[in-house]
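Please look through the sequence and the model below before reading on. The paragraphs after it are meant to be followed with the structure open beside the text.

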Amino acid sequence: MKWIMFSLFIVACVLGAGVLFQNISERQAEMASESKAGPTLKFVASNFQFDKPEYTVKAGEKVTVSLQNKEGLHAMEIVGLNVKLDGNTKSADVTFDKPGTYEVHCILPCGPGHAEMKSKLIVQ
Ligand SMILES: [Cu+2]
């Protein structure tokens, strides 16, 4: 009887180790894909402003642009670059080619401060 218990124990150990290693390799793959992700440009919107008066990105670099509504419902546009984000499209990968200063504004009528809800994007 003893050897049966022993071999069951060994099998359990091998299975346990297998699951453990699988988890670790999955986690490593996740971490690798995260670190591979390029620079991000995050706009955090509240009533009635964006979290920064201006944002800066480097020209020619692929950037993941995202919009987070911290308070209220807002949508945004980077004027002249055809970049629009809202509740349905919360992020987009964009390569900013032309250096310059672009206006960013809210494009969803969100309340009394809507017209003043503006920021700037500087592409360097
Ligand atoms: Cu608005």
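What follows goes from the overall layout to the sheet, and then to a metal site and a histidine.

The model is a predicted one, and its domain assignment divides the protein into domain 1, covering residues 1-36, and domain 2, covering residues 40-123. Between the C-alpha centres of domain 1 and domain 2 there is a distance of 45 Å.

Turning to the sheet, one finds four strands arranged in the order 2-1-4-7, forming an open sheet in which the pairing is mixed. Strand 2 (49-50) and strand 7 (91-95) each have a single partner strand and stand at the edges, so one side of each has no neighbour in the sheet. Strand 4, made up of residues 62-69, runs antiparallel to strand 7, and the two are joined by five bridges. Within this pairing, threonine 64 has aspartate 93 of strand 7 as its bridge partner.

Alanine 92, which also lies in strand 7, gives a second view of the same region. Although 28 residues separate alanine 92 from threonine 64 along the chain, their C-alpha atoms are 5.7 Å apart. Leaving aside residues up to four places away in sequence, alanine 92 is in contact with Val63, Thr64, Val65 and Leu85. Its relative accessible area is 25%, and because buried means under 20% and exposed over 50%, alanine 92 counts as partly exposed.

The copper ion has four protein donors, namely Cys106 through SG, Leu108 through its O atom, Cys110 through SG and His114 through ND1, at distances of 1.9 to 2.5 Å. Along the chain these donors follow the spacing C-x1-L-x1-C-x3-H. The angles among the four donor atoms run from 88 to 124°, and the site is tetrahedral because all of them fall between 85 and 135 degrees. Two of the donor residues can be set side by side in their exposure: cysteine 106 is buried, with a relative accessible area of 6%, whereas leucine 108, at 33%, is partly exposed.

Histidine 74 sits in the loop that runs between strand 4 and strand 5 (76-78), and its relative accessibility of 1% is the reason it counts as buried. Beyond residues up to four places away in sequence, the contacts of histidine 74 include the copper donors Cys106, Leu108 and Cys110, and also Leu67 and Asn69 of strand 4. Ser46 is another residue touched by histidine 74, and here a polar atom of the histidine side chain lies 3.3 Å from the backbone oxygen of serine 46.

How values were computed
Residues are numbered from 1 along each chain as its sequence is written. This is a predicted model: local features need pLDDT of at least 70, side-chain atom pairs count only at pLDDT 80 or more; totals for chains, interfaces and linings use all residues. Side-chain values use heavy atoms; hydrogens and water are left out. Domain bounds come from an automatic or database domain assignment. Two strands pair if DSSP finds at least two bridges between them. Buried means under 20% relative accessible area, exposed over 50%, partly exposed in between (1.4 Å probe, protein chains only). A polar contact is a pair of N or O atoms within 3.5 Å; within protein, one must be able to donate a hydrogen and the other to accept it, and residues adjacent in sequence count only if both atoms are side-chain atoms. Contact means heavy atoms within 4.5 Å. Donors are N, O and S atoms within 2.8 Å of the metal (3.2 Å for Na, K and Ca); water is not among the atoms, so sites may look incomplete. Four donors count as tetrahedral if all angles lie between 85 and 135 degrees; four count as square planar and six as octahedral if opposite donors are over 155 degrees apart and all others between 65 and 115; anything else is irregular.
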